[in-house]
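Hello,

Here is the structure I promised to pass on to you. Please open it alongside this message, and I will walk you through what turned up.

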Amino acid sequence: MAFSEKIKHFVKETELFIKAGMFDRADYAMKRALVDANTEQRQEAIDSIKEFIHILVIKRGNKGSMLFHQDKLRELPPFLNKNVVDTVGAGDSFNAGFIFKYINHFNIEECQEFGNLTGAVSTTAAGGVQAFEDYKSVKNTAKNKFGVIL
């Protein structure tokens with residue numbers, strides 16, 4: 001079954017779809033097209049699923065993220081941590097940051113940027129949540145490591 005057929009049933013009632021990692025072997029070509037491919041291949045992959053999605057977010061790790069919304073593709077570079085402690089939980093932290101802004105009605109670009117930031121903040125401490133001990137420490141990390149004032 002083609003990726004677009006698999007996803008059709010899943011995203012039919014889905015407002016937001018974030019896809020990265022966890023691709024099975026049948027989806028490997030789609031993953032490569034979305035995450036690793038050249039622009040033309042990426043556009044073909046997006047065209048094959050865009051009728052089934054409202055918002056598509058593609059996490060690309062240290063390459064940043066891509067957002068497809070209202071027929072526009074936006075690539076956003078990462079906030080790079082020069083001294084990575086641990087990448088465990090960075091993708092989940094991206095999801096949490098993006099969704100937090102999304103459900104609080106921020107514009108979609110701010111959601112993507114905050115997702116990139118929270119994913120990067122996650123890499124500053126061991127484990128998936130240690131970097132988020134309290135809001136004050138998150139604000140300090142965002143400002144001191146990434147130049148972002150929250």
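Strand 3 and strand 4 are a good place to begin: they pair in the antiparallel sense, over five bridges. Please keep in mind as you look that this is a predicted model. Within that pairing, L67 stands opposite R74 in strand 4. The two strands form a hairpin with two residues between them. In the turn you will find Q70, which has a positive phi of about 50°.

Strand 4 also brings us to the charged side chains. How many salt bridges does a search of the whole structure find? The search finds two. In one of them, the side chains of E75 and R42 meet, with 3.4 Å from N to O. E75 belongs to strand 4 (residues 72–76) and R42 to helix 3 (residues 39–49), so this pair ties together parts that are 33 residues apart in sequence.

E75 forms a salt bridge with R60 as well, and here the closest N and O atoms are 3.5 Å apart. R60 sits in the loop between strand 2 (55–59) and strand 3 (65–69), while E75 is in strand 4, so the pair ties together parts that are 15 residues apart in sequence. Taken together, R42, R60 and E75 are linked in a network of salt bridges. As general background, side chains of opposite charge can pair when their charged atoms come close.

Are these three residues buried or exposed? R42 is buried, with a relative accessible area of 5%. R60 is buried too, at 14%. E75 counts as partly exposed, because its relative accessibility is 44% and that class lies between under 20% for buried and over 50% for exposed.

Now for the helices. The axes of helix 4 (residues 90–103) and helix 5 (residues 108–122) come within 7 Å and cross at roughly 150°. Their crossing is right-handed. Which residues meet there? From helix 4 they are A90, S93, F94, G97, F98, F100, K101 and Y102. From helix 5 they are I108, E110, C111, Q112, F114, G115, N116, T118, G119 and S122. Sorted by class, this contact has eight nonpolar, eight polar and two charged residues.

If you would like a route through the model, you could start at Q70 in the hairpin turn, go on to E75 and its salt bridges with R42 and R60, and finish where helix 4 and helix 5 cross.

Best wishes

Definitions and conventions: Residues are numbered from 1 along each chain as its sequence is written. This is a predicted model: local features need pLDDT of at least 70, side-chain atom pairs count only at pLDDT 80 or more; totals for chains, interfaces and linings use all residues. Side-chain values use heavy atoms; hydrogens and water are left out. Axes are lines fitted to C-alpha atoms, for helices over the stretch in contact, and angles run from 0 to 180 degrees between N-to-C directions. Helices (H or I, at least four residues) and strands (E, at least two) are DSSP runs, numbered from the N terminus. A crossing is left-handed if the near helix is turned anticlockwise from the far one by less than a right angle, and right-handed if clockwise. Contact means heavy atoms within 4.5 Å. Ala, Val, Leu, Ile, Met, Phe, Trp, Tyr, Cys and Pro count as nonpolar, Asp, Glu, Lys and Arg as charged, and the others, Gly among them, as polar. A salt bridge is a side-chain nitrogen of Lys or Arg within 4 Å of a carboxyl oxygen of Asp or Glu. Buried means under 20% relative accessible area, exposed over 50%, partly exposed in between (1.4 Å probe, protein chains only). Two strands pair if DSSP finds at least two bridges between them.
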